[in-house]
Amino acid sequence: ENIMSDAAEAVAKLSIDQQAPEGAAASTEKQPAAKPEVNDTDPSPVEGMTVGQRYSQVRGIGEECIQEEELRNMLARKPEPICYDGFEPSGRMHIAQGIQKAINVNKLTGAGCRFKFWVADWFALLNNKMGGDLKKIQTVGKYMVEVWRALGMDMTKVEFIWSSEEINSHSNEYWLRVMDICRKNSVTRLKRCGQIMGRAEADDMPAAQIMYPAMQCADIFHLKADICQLGMDQRKVNMLAREYCTQSKIKLK
């Protein structure tokens, strides 16, 4: 599974020109000391865990981490990073989705993270799951939550957020973000994310499913996620979100 941290250290990304302008005297003021590198043996914000131990526990659940140092630096300073995963309620839960997800979530919350599940009922509707019947989709979503509970997922730091309710409650903020993502990306770029819906780029997709990647990209920012704990099939939309940070001059990815 793919982990993407939005907690890059801005100071590491800024190139500071310390030379005085031409014709001006060089400043004699001391420059601020460079921020020390993070060491694995340093204590982390989680009691009883070093930075290295915390990083190993979080990183160990993922097949890929897009920026290792972003993740390490964030875990060194943030007590409760927000992890996010979304799922379409679309039928019976398979073993890997049930057992492995419960194990991974427990590892993340055990390392001090908070986990937000995005119950993507509207997304399932866009993807025509359960015959496009929203009531059936929501019933399946409740079933999936109970399966994870029965499998021993520690719900202490876990929150299930229904996309239909959340988007309706914050519609102005959410749809402005979606429109901005659409405005800054071409239809071709969004179609390249078709894999996140289980579809090939060349598939004949209805217009509703062109909206899907822009909405999923907006979810990351709306939920204020630090770690996108998604499957490798969702990698393209994670990269879309990082590109959007660059487009919008958002420093922390």
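This report describes a sheet, a loop residue and a nonpolar surface patch in a predicted model.

## The parallel sheet

An open sheet is formed by 4 strands, arranged in the order 5-4-3-6 with parallel pairing. At its edges are strand 5 (158-162) and strand 6 (227-228), each of which pairs on one side only. In general, the strands of a sheet pair through backbone hydrogen bonds, in either a parallel or an antiparallel manner.

Strand 3 (residues 82-87) pairs with strand 4 (residues 114-119) in the parallel sense, over 6 bridges. Within this part of the sheet, F87 has V119 in strand 4 as its bridge partner.

## M130 in its loop

M130 belongs to the loop that runs between helix 5 (121-126) and helix 6 (134-150). The residue has a relative accessible area of 31%; M130 is classed as partly exposed because this value falls between the limits of 20% for buried and 50% for exposed residues.

When neighbours within four places in sequence are left aside, the contacts of M130 are P89, S90, G91, K136, I137 and V140. One of these partners, V140, is 10 residues from M130 in sequence, and the C-alpha atoms of M130 and V140 are 9.1 Å apart in space.

## The nonpolar surface patch

I95, I99, I103 and L151 make a nonpolar patch of about 370 Å² on the surface. Of these residues, I103 is located in helix 4 (residues 95-110). The relative accessible area of I103 is 37%, and I103 is accordingly partly exposed.

Methods
Residues are numbered from 1 along each chain as its sequence is written. This is a predicted model: local features need pLDDT of at least 70, side-chain atom pairs count only at pLDDT 80 or more; totals for chains, interfaces and linings use all residues. Side-chain values use heavy atoms; hydrogens and water are left out. Patches are made of residues with over 30% relative accessible area and no salt bridge: like charges are joined within 9 Å, nonpolar side chains (Val, Leu, Ile, Met, Phe, Trp, Tyr) within 5 Å. Accessible areas come from the Shrake-Rupley method with a 1.4 Å probe; for residues, only the protein chains shown count as cover. A salt bridge is a side-chain nitrogen of Lys or Arg within 4 Å of a carboxyl oxygen of Asp or Glu. Helices (H or I, at least four residues) and strands (E, at least two) are DSSP runs, numbered from the N terminus. Buried means under 20% relative accessible area, exposed over 50%, partly exposed in between (1.4 Å probe, protein chains only). Contact means heavy atoms within 4.5 Å. Two strands pair if DSSP finds at least two bridges between them.
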